[in-house]
Each structure stands twice: as C-alpha cells, then as structure tokens.
Amino acid sequence: MLIALMSDIHGNLEAFSACLADAEIVAPDARIVVLGDFVGYGADPNAVTRLAMTRAAISVRGNHDEAATGDLTGMTADAAAAIAWTRSTLAPDVREWLSKLPLEVEEEDRLYVHAEASRPTAWRYVMDADAARRSIEAAEARLTFTGHTHVPVLFGLTATEKITRFRPVTDVPVPMPRPRRWLAGVGSVGQPRDGSPAACYAIFDTERAELTFRRVAYDIATAAAKIRAAGLPDRLASRLSNGH
Amino acid sequence: MGFGLIGGSASRQPDLMHRLRLTEGAVIGGFVVGPRLHRGGMALIHAVTHPDHPGPLVMKVPALFEGEDPAAIVSFEMEQMILPRLHGPHAPRFIANGDFSAQPFIVMERIPAGSLLPRLAHLPMAAEELAPLGALVATALEAIHRQHVVHLDVKPSNILLRESGEAVLIDYGLSHHDQLPDLMEEEFRLPYGTAPYMAPEQVMGIRSEPRSDLFALGALLYFFATGTRPFGDPQKLSGLKRRIWRDPPPPRALNPDVPKALQETILRCLEVDPERRHPSAAQLAFDLRNPDQVVLTPRAEKLEADGWRATLRRRFNPEARPVFRRRLDEGAPPPAPILAVALDLAEAPDPLLDDALRVTLRGLLAIHAGARIACLHVLRQNRLAPDTSLNPEGQNKHVNRLVALRTWAAPLGLPEGRVTFHVLEAIDAAAALTEYAKANGIDHLVLGARPVSIKRRLLGSVSAEVAMLAPCTVTVVRPYAG
C-alpha cells in the first residue's frame, strides 16, 4: 500500500492541489494522510480544509488548527495575525471539523502526529537527535510520521540505540528497514522552509518500507497574491518564493 | 573483513531470534539452498536456485553465531540497502532481499570467475599485466562512484572478473551511499575496513570520500607490483594511523622492474591527502591505460621512503599534519571529467575554428576544476598500405603530429598532467574517435565542424557520425560565421 503523507498545508490551496495532483500521477490510489496545520498563514483555509475532508483518509490536528478553533497563544506576530484573520474567515463546518481532529492516529506500525510525540500538545519541534530520540522512545509504533518543522528529515534509532539523522534526497527512496525505528519529518506542502520553495510531501510504501520525498512546483504567484489581497502580513507572501 | 574495531557497545540487539538453518535442500523465500561456498567473519554464502530466476545465484546471510558483533548486522543492512540500487556490469546483479523479521538474506547473481585472491600466490605481477588489471578495477570504481557509492573495502577478495572482462566489486557491507542514511557511520566510532588497504581519512572515520577507494586500489597495486604490502597488516588503531605520517618505500626500491610511470601512478594513489590523488577513478584508469602519457614527477624517481626529518615533521608538527575534512555540502563531489578534443591537423589551418575550439574548452575547464583533456588527432591510413608507423616516414609523421598537438594546446596554459596527446592511426576517423572515447572513458568529446562541401554532403561528416555513435556528450564547434 502507498501512503501520501502531507503536512503543514497552511491554507495554501495552490500547493495542496498540486501535491494531490502529483500523488495521483506517481502514486495512484495512495491513501492521503494529512499531519496537521491545514490552516494559518495562507489565504484559503476553508477551501484547503474542505478539500482535505474529501480526500484525506486520516487527518490529525496541528497547532495552527488548534489556535484557529480554540485559544492557543504564544505564536509569532505574523502567525498570530494570520490566526486572527483565519478565525474570522473560517466557515462553521470547517471550524467544527478542525476542532474535532485527533492529536494522533496509530495505524499498524505507524504513528501519525503533528509534532514531537512524547507530548503532542506541547507542539515541540523535532529538529535534533535528542528530540527525535524522545519522540521515538515515547511512541509504541515503529515508524513515526510528523510535520511541524517544515523541513524534510529522517531520524533512525540504530541497533545500538544511537540516532542517525539524514537529510533525504528528492525522489530517492530511503529504506526504513525493520527492526529499526524511524521518525520522518515530511516537510511542508504550503510553506517549505528548507531553502526550496517547491511544495514538499512524502510517499511511504508499506510493503517495501521505503519513504520517497517529492518536491512539486506550484503556482506560488497566485498563492502569494491571495495572501496579500487578504491583507495578511507581506512576509507570509514573500517567503513562499524563498522557501524559508 | 580483515579489520574490525568496534566503537559502540551493543546495548540492545535487534531481535535476531529463531533463525532458519541454512541446510542444503532447505527452501528460504522461495530459494532452494545449495552447498555453502564461503564462510567469512561477517557472512555465509550459499549457492541457491529459484525456478523464476535462471542462472547461478548465491545467497548471503549474516554470520551471527559468534561474538554478537553488531557490525555484522549493520553492515548487512547497509548491503541490503545499497546492492538493489546498483546497476551495470561492475556490481553483482541483485535478485532479492530477505527481511530481518524472518531470515535476513541477500540473493544475487553468482559470478563464476574467482576473485583476485589466488593471484597473491604469484606476486609480483608484471606491469604489463598489472596496469590493465588495475585499469579494469578503476573503471569499476568509477561506475559505482557515479552511482553515489563509495566502496570502502577494495581488496583482492572483493574483486572478481567476469568472463566478458569487466571487474566486479562485491561486498557493499562497509560502503557509503551519499543519498542514503549511513548506518555504519552512526553506529561505530572507530573505522571499519581492511587494514592493509584502508585510506588515512577512512582510518580517521571519514566515510564519504570516493578517493578512499583510489588509495585502497593503490595499496593493492603496490602489493601486486612488489609482493609486499605497503603498510603491512596492522592489528591496532595506532598501527593503522602510522600511514598518515609514514610513507612506504617506493615500489621500484623493492622491484626494479616496476616502470617509473607505474610507480608514479601507485604513489599518487597512496598520497595521504585525497586532494593529491587522482581526481576520479576514471582519471586513474586513464593513467593505467596510457602509461606513456603519465607525467613523471619526483614520485617516479624516488628510491627511498622519506627521511626521518620529513616523517617526524609530518607526525609532530601540527602545520605539516594532514587535515581530513568532511565535505561541507553533503552529496557527490564535483565531477572531474575527462575531456577530449579531436583536431584535424591535416586540412588547411583554420585559425577561427581553432580559437572557437579553445574557447569551448576553456569554458569546460572553468566549470570543472579537476578536468583533464586528451588532445587527439587521427592520422588517416591508406587502405592499401596501412603500416606507415613502421617506416621512417610514417614515424616522422606521427611525431610531427604530436608536436602539432602540443603547439595547438599551448595557449590553453594547462599544467602537465592535465593534458595528454594522442595520435590515433586509423582508416576511419569517426570510428577511431568513437572507439577511443569508449575505451578511455571520455566524458565529453569536442570537435570542429568543417564547412559543408559536396563531398561531405554525399559521404556525411566525421563530426555528425561521431555525434551519433560516441558513448558520451559530443560538442561540435563551429566558428562564428559573421
């Protein structure tokens, strides 16, 4: 079975649509799993979420989804401005759906969670080996798929309990062999921050236990124009073409 | 594997449990187990058959019976990752992997010919045999380097020869793939490799340097040329590190029959600093195939190892000590291609075309700092009397053309060693250039277009034919027509 793992769409309809179209070509019939942050930053929170409602087999909650439907604080100024705008924009059915998203979903040997898994509600980033170890050791599942950092990355727990960190190469399938335990950050669909502006997602092949990262070009100009037209901070538009 | 220094302690083994026994006649993953062919420190190898896979096959399984060395498991995982990603004649064809949850195994094609190991009984090997053999191995290394793999355990027992002539590199258990996680690097603090062949930077734990394989091949060539291992077979890390500051006696000191060009090539492979070795395995193969074109430096003339002063300096002076750096940007090293330019010296001189050719080459050299250029001229032979090189007139012509090639290349200002000159004698120029490009691993062939004439319209031009047939990129240069 193929699973398309998408995360951190952030209201970017152009990027999300491009990734879904790409998955239809390279991984037809793949199950779509979205690892949270449907909204925030981008100008199409309703359209993105409604598209996910129809297309995603599994969805989990991100911190921006929580902030837009609840009362999370402690965000950066740009993020807070975007959340305030998103709150005022969300349609009732979208708000309802987002507010009911689970924090994590476990399926066979896989855990889907937005941030570090030992305390998902703390929304901690998995950027380094220590955080990866904490998350991997807290999880029951052999494989953890996360988002939140907007950077594609792979951590593995070795036979002697050391952590390997690996920056995946686009389109090169990376084996995640048994019995090792792995944590993958699948990058960001709607606001990549690893220097490449192309939308990022990953495809997991359950039979081969291989993860392949994809980069998808999309209509950045339109996504950025919508952000500006909505009166959101300009930086949220300009960073899309920088990729960080 | 001759050398195993373990850094990490095995605090938790993966569950390696209830394992099927590899007895003859057993069926594992659909493969029928045949006789055992080899029992090594890290793995067992059995002949196997499968109804869907014709041809002789072998199954490799990790040796887990003694010592509980985690390296055996990790290196097996690495080979399971890397072998399926290799293609071409220089690696064994991958058939199937078996999961660690049942019986871990790798099935691959069985290469009937043996390894180079039995040749150790007949050393030293004559240069006329050794240099072509070394070129075959270097060509195989180039093929796997281009597939993002550094072998890191090049030694006689890991080199097989196909009946069709190509060298095959086996055993990717210690290898590094620059697009895959390196499980060995993270797992073990100290180096894994085979002591007599391990490059200095590999001793220091760097696993991403393709030129480590050139060092290992250089150690092998030294051993085969002299019958003596250049660095012995140290069993401790301190003994391994000795090669960082202590150079071996030059091959010609041990075997005066070793030609200077071969000594030059071997000692360049054995340079402590990878930057001073050949920039690529293809360039090493080129030197081994063209010994008359190897530029002889003081390395070729040496008859003694460096004196105690130089040795002490390298050992204790921090400024003289080599520094091994991991490449900052992960990924493949910059390519160091072999360029060739074909010059038609026989026709009337065409300064505009010559300038245009040199401009093109300068551009290529500016992009590829490690590139080298082979300057070619085809001396056309008369179909009826082809042996011109045997008579004085022909010999003279040959030498004249070499001189003309050197003169042509002089304005490029290339240092010796980065440019070579070759006069090919052939009836068919296009076929000769194509064959040369193939035999010497040329990456990019540059040649000039001649003005269209009636004859060319009818017969087709050399450049068009080369562009169609050559196994590499071909640039046909045309001067600005005004």
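**A buried threonine, an open patch and some unusual backbone**

With a relative accessibility of just 2%, B:T265 counts as buried. That value, like everything else here, comes from a predicted model. B:T265 belongs to helix α8 of chain B, which covers residues 260-269. Setting aside neighbours within four places in sequence, its contacts are B:H278, B:L284, B:D287, B:L288 and B:V294.

Helix α11 of chain B, residues 308-316, offers a look at the surface, with B:L312 as one of its residues. At 40% relative accessibility, B:L312 falls between the 20% and 50% cut-offs, so it counts as partly exposed. Together with B:W308 and B:F316, B:L312 makes a nonpolar surface patch of about 370 Å².

Now for the overall build of chain A. Its secondary structure adds up to eight helices and 12 strands. The radius of gyration is 17 Å, close to the 18 Å that the globule rule gives for 244 residues, so chain A is as compact as a globular protein of that length. Taken along the principal axes, the box filled by its C-alpha atoms is roughly 50 × 35 × 30 Å. Of the 244 residues in chain A, 61% count as buried. Among contacts in chain A with a separation of 6 or more, 72% are between residues 24 or more positions apart. On the outside, chain A exposes about 8,900 Å², and carbon and sulfur atoms supply 51% of that area.

The backbone has a few oddities to report, too. Most residues other than glycine have a negative phi, and most peptide bonds are trans. A:D8 goes the other way: this residue is not a glycine, yet its phi is positive, at about 50°. A:D8 sits in the chain A loop that runs between β1 (2-6) and α1 (13-26). Despite that loop position, A:D8 counts as buried, given its relative accessibility of 0%.

In chain B, B:D171 also has a positive phi, here about 70°, without being a glycine. The loop in question lies between β10 (167-169) and β11 (176-177) of chain B. With 24% relative accessibility, B:D171 counts as partly exposed, whereas A:D8 is buried.

Then there is the peptide bond joining B:L123 and B:P124, which is cis, with omega at about 0°. B:P124 is placed in the loop of chain B between β7 (105-109) and α2 (127-145).

Methods
Residues numbered from 1 in each chain as written. Chains lettered and ligands numbered in written order. Predicted model: local features only at pLDDT ≥ 70, side-chain atom pairs only at ≥ 80, totals over all residues. Heavy atoms only, no water. Patch = residues over 30% accessible without salt bridge, like charges linked within 9 Å, V, L, I, M, F, W, Y side chains within 5 Å. Areas by Shrake-Rupley, 256 points an atom, 1.4 Å probe, with all protein chains shown as cover. Salt bridge = Lys/Arg side-chain N within 4 Å of Asp/Glu carboxyl O. Helix = DSSP H or I, 4+ residues; strand = E, 2+ residues; numbered from the N terminus. Buried < 20%, exposed > 50% of the residue type's maximum accessible area, 1.4 Å probe, protein only. Rg over C-alpha atoms; globule rule 2.2 N^0.38 Å. Contact = heavy atoms within 4.5 Å.
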